[in-house]
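Student: I have a model open and want to work through it by questions. Can we start with single residues and then move out to the whole chain?

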Amino acid sequence: MNIGDLDYSWFEWVNSKADHNVFFDHVMIFFADYLQYAFALLLVVLFLINRNSSRIIAMQAGFALVLGFAVNRVIRFFFFRDRPFVSHEVNQLVEHSTSSSFPSDHATAAFAIAFTIILCGSRTRYIWGILAIGIAFSRVWVGVHYPLDIMAGALNGIIMASFTHYIVFKLKPLNPIFESTFFSGRNTTRNF
């Protein structure tokens, strides 16, 4: 069995659970289509509250997100993969264009933001990590991605978050910018 067959068998196993339980289907649709807006809202809130360097966290996550999307575009330039509902009979719970399935932008975004929050040591880091996993899993459940699309997107998000946190935001020319009061914010004892 090659990797493509294994990927499809994983997809088939997860997607076969869809369209059998209305409650789970609605939860998965919410995770697949709407939870991403909570991640975007989080970045806006972090930027606006300006506590304990939250603006730096928001900027790091945003930068990692942009890098992750750029990498996805480069990959798609060289490699196009049909979505599951184009090539197979699936339980498709959400509408989607027939754009390239590999890698998943949703997984890239969720993991770039969540992993940045994890690296920055937020009190809520595990919640955002679990929500990112939920978004990734739901995209297979609703029939718009294969598991390898999700894994590649998640890995891309994690790599870009790590690269941004450990390399880009540690560059000496940027230190004066991020040490300014605009980015360092009001220090409080509570962290989000």
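Student: Which backbone nitrogen lies 2.8 Å from a polar atom of the side chain of Asn15?
Tutor: Note at the outset that this is a predicted model. Asn15 belongs to helix H1, residues 3-15. Its side chain also has a polar atom 2.9 Å from the backbone oxygen of Trp141. The nitrogen at 2.8 Å from a polar atom of that side chain is the one of Asn91.

Student: Is Asn15 buried or exposed?
Tutor: Look at what surrounds Asn15 beyond four places in sequence: Val90, Asn91, Val140, Trp141, Val142 and Gly143 are in contact with it. Its relative accessible area is 4%. The cut-off for burial is under 20%, so Asn15 is buried.

Student: What distance separates the end C-alpha atoms of helix H2?
Tutor: H2 runs over residues 22-34, which is 13 residues. At 1.5 Å a residue, the expected span is 18 Å. The model agrees with that, with the end C-alpha atoms 17 Å apart.

Student: Where do the buried residues of H2 sit around the axis?
Tutor: The buried residues are Asp25, Met28, Phe31 and Ala32. They cover an arc of only 130°, so they lie on the same side of H2. In general, an α-helix has 3.6 residues a turn, so residues three or four places apart point the same way. The answer for the buried set is the same side of H2.

Student: Which residues are exposed on the other side of H2?
Tutor: Start with the covered side. Helix H6 (105-119) and helix H7 (125-141) are among the elements that cover the buried residues of H2. On the other side, the exposed residues are Val22, Phe23 and His26.

Student: Which residue caps the N-terminal end of H2?
Tutor: Look for a side-chain oxygen by the backbone nitrogen of Phe23. The distance between them is 3.0 Å. The capping residue is Asn21.

Student: What is the angle between the planes of Phe79 and Phe102?
Tutor: The count of aromatic pairs comes to 8. In the pair of Phe79 and Phe102, the centres are 5.4 Å apart and the geometry is edge-to-face. This pair links distant parts of the chain, with Phe79 in the loop between H4 and H5 and Phe102 in the loop between H5 and H6. The angle between the planes is 85°.

Student: Which ring has the charged end of Arg73 over it?
Tutor: Take another arginine for reference: Arg55 lies over the face of Phe47, 4.7 Å from the ring centre. The charged end of Arg73 is 5.7 Å from the centre of its ring. That ring belongs to Phe69.

Student: Which side chain does a polar contact of 2.9 Å join to that of His165?
Tutor: His165 lies in helix H8, residues 147-166. It is buried, with a relative accessible area of 10%. Beyond four places in sequence, His165 touches Gln60, Leu119, Cys120 and Lys170. The 2.9 Å polar contact joins it to the side chain of Gln60.

Student: How many helices and strands are there in the protein chain?
Tutor: Read along the sequence, the pattern is α-α-α-α-α-α-α-α-α-α. Of the 192 residues, 45% are buried. Among contacts between residues at least 6 apart in sequence, 79% join residues at least 24 apart. The count is 10 helices and 0 strands.

How values were computed. Residues numbered from 1 in each chain as written. Predicted model: local features only at pLDDT ≥ 70, side-chain atom pairs only at ≥ 80, totals over all residues. Heavy atoms only, no water. Helix = DSSP H or I, 4+ residues; strand = E, 2+ residues; numbered from the N terminus. Buried < 20%, exposed > 50% of the residue type's maximum accessible area, 1.4 Å probe, protein only. Polar contact = N/O pair within 3.5 Å; in protein donor to acceptor, adjacent residues only side chain to side chain. Contact = heavy atoms within 4.5 Å. Expected span 1.5 Å × (residues − 1). Arc of directions from axis to C-beta. Phe/Tyr/Trp six-rings, centres within 6.5 Å; stacked < 30°, edge-to-face > 60°. Lys NZ or Arg CZ within 6 Å of the ring centre and 35° of its normal.
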